[in-house]
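Me: Hi! I have a new structure open and could use a hand finding my way around. Can we go through it together?

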Amino acid sequence: MDCWNFLGFFLLISLHLCSGSAEINGSVLQMKIGTSSVPLDPTRVTQLSWHPRAFLYKGFLSSEECDHLITLAKDKLEKSMVADNESGESIESEVRTSSGMFLQKSLDEVVADVEARISAWTFLPVENGESMQILHYEHGQKYEPHFDYFHDKANQELGGHRIATVLMYLSDVESGGETVFPNSKGKFTQLKDESWSDCAKNGYAVKPRKGDALLFFSLHLDATPDSDSLHGSCPVIKGEKWSATKWIHVRSFDVSKRHSENGDCVDENENCPIWASTGECEKNPAYMVGSEDAYGYCRKSCKVCSS
């Protein structure tokens with residue numbers, strides 16, 4: 001798919017998924033009330049790789065938004081943890097030496113707006129996302145290459161696998177701190193000069209630029225884990241690095257009990273009627289309709305129940 005076809009596909013899908021109709025001002029897609037107040041501009045999105053599927057959005061966050069997220073987190077940081085591959089429990093590990101904290105969903109207007117913008121860009125429901133994690137890396141701190149999808153069953157009980165990650169850079173880094181994909185096919189063709197760290201030269205890499213956002217998918221289109229999505233955060237050599245991570249699951253990550261689980265014939269997402277009208281009940285039955293064991297999110301619009 002060339003860049004023009006991709007751009008056309010992006011605009012077409014966006015028009016279907018946005019709440020209400022969309023307005024196009026030049027190349028900018030203006031979202032209606034109920035989503036992000038900031039317009040999505042697909043011309044700022046660059047496809048970095050198909051293996052893994054990775055995209056970079058230049059200027060996804062404003063400088064003020066970046067500073068605001070850092071301020072919310074600055075006095076609440078704790079040593080970052082990792083998920084144990086066997087038990088699924090959070091444990092300390094030398095593979096991850098940053099500090100961080102989680103921001104409650106919709107903590108304030110800025111957080112809610114960013115979360116809505118992420119949903120609009122990824123085409124994945126807000127409720128499928130975990131709380132946003134703010135991370136701080138000081139000199140020498142890193143996160144060794146790892147996968148965002150889970151190896152244990154415990155972490156898949158709520159929301160299933162992580163399907164996508166949106167990594168937002170909240171600060172510039174003088175040297176180091178790149179995001180690196182060691183298994184990416186693009187590592188053989190990406191040119192790098194001396195401004196890149198040695199760590200970054202071990203794979204396809206992205207430099208942290210304040211306001212930019214990196215979207216990559218941890219699962220293939222058939223929902224199987226993508227080993228090419230292996231990624232890490234290179235050690236900071238000079239300066240410091242702030243970032244915000246949003247992990248997104250294949251199903252809702254919200255803990256609260258859904259109406260449909262009580263036997264009610266309802267839609268769990270306001271976009272269900274639009275999705276149903278475009279044939280998603282047949283194309284994506286697992287999410288839209290579900291099964292007897294796990295109800296889908298658009299059963300009413302898919303007309304598989306009666307109220």
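Me: What does the face of helix 2 turned away from its buried side carry?
Reply: That face carries the exposed residues Glu 64 and Thr 71. Exposed means over 50% relative accessible area, buried under 20%, and partly exposed in between, with a 1.4 Å probe and protein chains only. Helices (H or I, at least four residues) and strands (E, at least two) are DSSP runs, numbered from the N terminus.

Me: Before I go on, where do the numbers come from?
Reply: This is a predicted model, where local features need pLDDT of at least 70 and side-chain atom pairs count only at pLDDT 80 or more, while totals for chains, interfaces and linings use all residues. Residues are numbered from 1 along each chain as its sequence is written, and side-chain values use heavy atoms, with hydrogens and water left out.

Me: OK, back to helix 2. Which residues are buried there?
Reply: Helix 2 spans residues 63-73, and its buried residues are Glu 65, Cys 66, Leu 69, Ile 70, Leu 72 and Ala 73. They sit on the same side of helix 2 because they cover an arc of only 160° around the axis. That arc is taken from the directions from the helix axis to the C-beta atoms.

Me: And what covers the buried residues of helix 2?
Reply: The cover includes strand 8 (99-103), helix 3 (109-122), strand 9 (132-137), strand 11 (162-169) and strand 18 (241-249). Helix 2 lies across strand 8, strand 9, strand 11 and strand 18, at about 100° to strand 8. For such angles, axes are lines fitted to C-alpha atoms, for helices over the stretch in contact, and the angles run from 0 to 180 degrees between N-to-C directions.

Me: What is Leu 69 in contact with?
Reply: Beyond its neighbours within four places in sequence, Leu 69 is in contact with Leu 61, Leu 103, Val 111, Met 132, Ile 134, Leu 170 and Ala 244. Contact means heavy atoms within 4.5 Å. Leu 69 also belongs to the largest nonpolar core, which has 34 residues; Leu 69, Trp 121, Ile 134, Met 168 and Leu 170 touch the most other members. A nonpolar core here is a set of buried Ala, Val, Leu, Ile, Met, Phe, Trp, Tyr and Cys residues joined through side-chain atoms within 4.5 Å.

Me: Which elements each supply at least two residues of this core?
Reply: Those are strand 4, helix 2, strand 8, helix 3, strand 9, strand 11, strand 15 and strand 18.

Me: Lots of strands there! What order do they take in the open sheet?
Reply: The open sheet has eight strands in the order 3-4-15-11-18-9-8-5, with antiparallel pairing. Two strands pair if DSSP finds at least two bridges between them. Strand 3 (45-50) and strand 5 (78-79) are the edge strands, each pairing on one side only.

Me: How many bridges join strand 5 to strand 8?
Reply: Two bridges, with the strands running antiparallel. Glu 78 stands opposite Gly 100 in strand 8.

Me: And at the strand 3 edge, how many bridges are there with strand 4?
Reply: Strand 3 and strand 4 pair over five bridges, in the antiparallel sense. They form a hairpin with two residues between them. Pro 52 is found in that loop, and a cis peptide bond joins His 51 and Pro 52, with omega about 5°.

Me: Is strand 15 buried or exposed?
Reply: Five of its five residues are buried, so strand 15 is largely enclosed by the rest of the structure. Both faces are covered, with Ala 213, Leu 215 and Phe 217 on one side and Leu 214 and Phe 216 on the other. Strand 4 joins strand 15 through four bridges, and Phe 55 stands opposite Leu 215.

Me: New topic: which residue in the loop between helix 3 and strand 9 has a positive phi?
Reply: Phe 123, in the loop between helix 3 and strand 9, has a positive phi of about 65° although it is not a glycine. Most residues other than glycine have a negative phi. Phe 123 counts as partly exposed because its relative accessibility is 26%.

Me: Last one: how many helices and strands are in the protein?
Reply: There are six helices and 18 strands. Buried residues make up 49% of the 307 residues.
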